[in-house]
Amino acid sequence: MKKQIRALAMTMATVAAVTLAPVAQAAVIDISSAPSAIALAPNGSAHFGDKFKNNLKDDTFGDKFTFSTTGSTKLDLILTSTSTSALNGLNITGFSLYKANGTLAAAGSMVQTGATDKWTLSDANLAAGSYFVKVSGNVVSNAGGAFAANGTISAVPEPEGYAMLFVGLGLIGLVKQRRKSATFA
């Protein structure tokens, strides 16, 4: 009888150990890409993004894209990530502009979420300096996904530039008026 009780106790201890053992879960991994520079076209257009391969479900990212300005600059960007359904692809959770020291300069706005995530980011008057745009999110399924941002990062004319433009237009008008007067005289 003691052997049976001891065997039953060992069986119960084994069942309890297996039942109470923590379930092993895959650790969430930061799969952020290394910071990369935004290639600006001469007209100020900007295009950047990233893609994530299969089997990264639940992993997170916070990709940074850098650029510098030499004067007053206007930034207008649209970010999209499209998949077959909200259960696939990426979940974009943030789209923001930071100064190089990590200070938030402008937060993006979510326009749409689901099968297509869409965000906008704007700042009408960036001062000269170094900045980065950060895209944050996670991979929703093992199918992977991608995001792309497009827009402009272009110089804003200084007030002196506008003044010179108006003076130039005024001079052209004055010359034209004098020629018109000379023709009728």
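Which side chains meet in a salt bridge? I began my entries on this predicted model with that question, and I found that the side chain of K74 meets that of D76, with 3.6 Å from N to O. I then looked up the total, and the structure holds 1 salt bridge. For the setting of the pair I checked accessibility: K74 has a relative accessibility of 38% and D76 has a relative accessible area of 27%, so both count as partly exposed, a class that lies between the cut-offs of 20% and 50%.

Next I turned to the nonpolar interior. I noted that the largest nonpolar core has 27 residues, and that F67, F95, L97, V133 and F147 are those with the most contacts inside it. I traced the elements that give two or more residues to this core, and they are strand 2 (45–52), strand 3 (60–69), strand 4 (73–82), strand 5 (90–99), strand 8 (116–126), strand 9 (129–139) and strand 10 (145–155). I followed F147 further and, leaving aside its neighbours within four places in sequence, I found it in contact with twelve residues, among them G49, F52, F61, F65, L79, L90, I92 and V135; D50 and D63 are also in contact with F147.

Last, I looked at the largest pocket, for which I noted a volume of about 170 Å³. Its lining has 14 residues, of which T69, T70, T73, I153 and A155 are the closest to the pocket centre. I recorded that strand 3 and strand 10 each supply at least two residues of this lining, and that by class the lining has 6 nonpolar and 8 polar residues but no charged ones.

Technical notes. Residues numbered from 1 in each chain as written. Predicted model: local features only at pLDDT ≥ 70, side-chain atom pairs only at ≥ 80, totals over all residues. Heavy atoms only, no water. Core = buried A, V, L, I, M, F, W, Y, C linked by side-chain atoms within 4.5 Å. Buried < 20%, exposed > 50% of the residue type's maximum accessible area, 1.4 Å probe, protein only. Helix = DSSP H or I, 4+ residues; strand = E, 2+ residues; numbered from the N terminus. Contact = heavy atoms within 4.5 Å. Salt bridge = Lys/Arg side-chain N within 4 Å of Asp/Glu carboxyl O. 1 Å grid on protein atoms, 1.4 Å probe; cavity = no way out; pocket = protein on both sides within 12 Å on 5 of 7 lines; lining within 4 Å. Points joined across faces, edges and corners; volume = space filled by probe spheres on them. Nonpolar A, V, L, I, M, F, W, Y, C, P; charged D, E, K, R; others polar.
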